Each structure stands twice: as structure tokens, then as C-alpha cells.
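Trainee: I should like to understand how the descriptive terms for this model are justified. Please take me through them one at a time.
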Amino acid sequence: MNCLDLRRAAMLDPRRLDTEALAHVERCDACRDFLAQALELEAQIEHALRTPVPHGLEARVVRNALESPRFTRRHALAAGLALATAAGVALLWKRNDPLALAGIDFVVFEEAQAIADAKPADVKVLARVVREMGVSLPAQLGEIRYVGTCPFDGLTAHHVLVKTPLGKVTLLLIPSRPLASRAVASAHGFEAAVVPAAVGSVAIIASTPRSIARAETLLKSG
Amino acid sequence: MLFPGRQTAFEQAVGRYFGDLYRYAYWLCRNRWQAEDVVQESLTRAWRAWPGLREERAIKSWLFTIVHREHLRSASSAPRARADENVPEPAFDPDPARTMELEAALRELPEDSQNALLLQVLGGFSCAEIAGMLGASEGAVMTRLTRARQALRRRLGPAENEPGVRQA
Ligand SMILES: [Zn+2]
């Protein structure tokens, strides 16, 4: 290791130098000074980043999180008990529909990147697509936070993120994907439903079944 | 309570990382109120997905990743807020002027460099872990970290010994 290597390593992470770097510092005065300065700056960076956490925030956030509705517990248990008596345990868990599940995977793994990478979309195009598909996006659904197009399940989907009174809802409008009947999935803490439209289908992904039901009703209200 | 063990495990994990998750959100959003919303949404989501999570050691990076995604989701339409005036009283600071200058310099870092630095300093993640979390190459993360420190050092460090640039 030479002086340049040492300085590169120190700029990458001065607190986690390997033994070779530390050995170099032992025998090189200039690098020892450099590292001392780097460590001093590092301590100041850490101090500056350690913003104080507001009092009581953790307790409040955890309480809200724990109290948020969870389909997987109450609803599934109630549904499970009813089904178990009627039809037996084998029918307890309905299989996730692949398209609905793909909607959830999109939200969990791709949505943030899709939004980060997207160019601003034309709202007029969305209005036309919505009209052609025979669905509606009434204002009472919520505040539209993002509109874009993205590849989804091998097709092009119009991706809409709506902030609703019941939390964020992701809509994937897929004009070229006809669908015979409504299908659902539940995974990664999300619920999804894909519903047939006059033309194509719409995937609705949200945190709760209630939020999905509200969005679905409003989509069909046109 | 149906799953007391799960709830306890969730509360313990959150307890371990809450401060740094909040600080991570704060520096991404640059605003206390947005940061609180992002942390709330993130932990609500984390709790919903909790029973499906098996790998104990991955919990920390999972929580930081959720905060990052939630920040991107919340920032998708709202412009990035300017620095928050209403920050809580800071702890004793031996050199407040320098801290202020450093905070300003941290805010001016390019977003990707700043994010990598936050994950390294607040999260304690390695370059490889940060690369995995951000879907970037390890080399790209190394470049971002080096650039972040070069920028901070240029602004605050000693004028001599400009590092990593000059052939020493
Ligand atoms: Zn040297």
C-alpha cells in the first residue's frame, strides 16, 4: 500500500481501515496526519448527522404502527374460522392470484425506482386512457401524487399513485390486459385486487382491503 | 394479543434502530415533519410485513430500505423541502459554528452521495451492503462515498493535502 492507496481508503471509510492500511500509517508521518484529520472530520460528520430525535416520537410511531389494521390477523382469522367449519382446513387459504401478486411485487420492489426514474407524464394521456377503459378517477378518490407509464407483467401500464384518506393507493391501468373476473392477493403487508374494466383491467394495490374497496368503488363510479 | 412474541420482537428491533431510522429520514427529507411521516409510514408497513420476515440479521437493512423507499414515494410529487427551522434543541455542541457549516455542506451534497454517506455513518453499513440496498454497484457506492468526503473536506477540512485526487 502506498500513500495514495491509504488516502483513498481513508476517504472511503476512515474508521474501517484494513491492517495493511494501518501498517502504512504506522510508518508514514504524512499519512498519519492525514488520517488524524480524516478521523476528526468523521467525528464532526457523525455529530452533525446525529440530529436529536423528538421526545416521545418512538412511542407514538410504534403505537400507531401496531394499531394499524392488519388483514393477516383479524380478517384472516375470522374468515379462516368460518371456512374451517364449512369446508375444512384445506380450503382455508385462497391462493394469491399471480397478476394481483405481481401488482404487490411492483409496489414493494419497483415502484420507488419507477417514480425516481420517470419523466413527468402527461395527465391528458391518463384522462384519455381512463375514458377509453371505461373507468373513472373522481377527485374524491384522493390527491394524485404521481402519474407515469411503466412496464408491468410484459405490458405497458399507466401507473398512478393516489394519496387517499385511507392511505396511499397504487393503480396500474392496463388497457391491453383483458380479465374475466376479479382476483386478489395479499403479501408483503399489502393487499391487491385486479378488476376487469370495459377495456383491459386495473390493478389496485393498497395497505388494507378497506382502502382497496373504496378505490374500487370509486373507479367504477363513472 | 395473538402474537405477543412477534410484537415484542418488532418493538425490540425498532427500539434498536429507531433513532438512526429517524435521522436517516430526517436527512433524506431535510424536514422534521416529513421525516416523522416517512418513519410512521415505514414502520406501519414494516409491522404489516413483519410475520413474513424470517432473517433476523437482515432486519436492519430491511428497515433502512423501507425508509428510503417511503421517502422516494413521499417525495415523488412534493418538492424536496428546504431545511427545517424547527429542529429540536441540539445536544451540547463544543463548536456550533462548525457544526452549522458542516450541516449546510451535508445538505448540499448530491442526493446519491449523501444517501450513501448516511447509510454508512448512521446505519453502519459496508459498501457491499449499501450497494445491495440501493441497487447500485459496489464501485458506484465507493465513488459516491469518496466524493461526499472530498466535498466535505474541501469545504471544511485543511486546505492542503487534497486527498485521492493528487498523486501522492
Ligand atoms: Zn503514506
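Mentor: Let us begin with the interface of chain A and chain B, where the rule finds four salt bridges. The model is predicted, so local features need pLDDT of at least 70 and side-chain atom pairs count only at pLDDT 80 or more, while totals for chains, interfaces and linings use all residues. Residues are numbered from 1 along each chain as its sequence is written, chains are lettered from A and ligands numbered from 1 in the order written, and side-chain values use heavy atoms, without hydrogens and water.

Trainee: What makes the meeting of Arg50(A) and Asp20(B) a salt bridge?

Mentor: The term requires a side-chain nitrogen of Lys or Arg within 4 Å of a carboxyl oxygen of Asp or Glu. For Arg50(A) and Asp20(B) the N to O distance is 2.4 Å, so the pair satisfies the rule.

Trainee: Which residues are the protein donors of the zinc ion, and how do you know that they are donors?

Mentor: They are Cys3(A) through SG, His24(A) through NE2, and Cys28(A) and Cys31(A), each through SG. Donors are N, O and S atoms within 2.8 Å of the metal (3.2 Å for Na, K and Ca); water is not among the atoms, so sites may look incomplete. These four lie 2.1 to 2.3 Å from the zinc ion, and therefore qualify. Their spacing in sequence is C-x20-H-x3-C-x2-C.

Trainee: Why is the arrangement around the zinc ion called tetrahedral?

Mentor: Four donors count as tetrahedral if all angles lie between 85 and 135 degrees. Here the donor atoms subtend angles of 100 to 116°, so the arrangement is tetrahedral.

Trainee: How many residues are in contact across the two chains?

Mentor: Contact means heavy atoms within 4.5 Å; 55 residues of chain A are in contact with 69 residues of chain B.

Terms used
Tetrahedral: all angles 85-135°; square planar, octahedral: opposite > 155°, others 65-115°.
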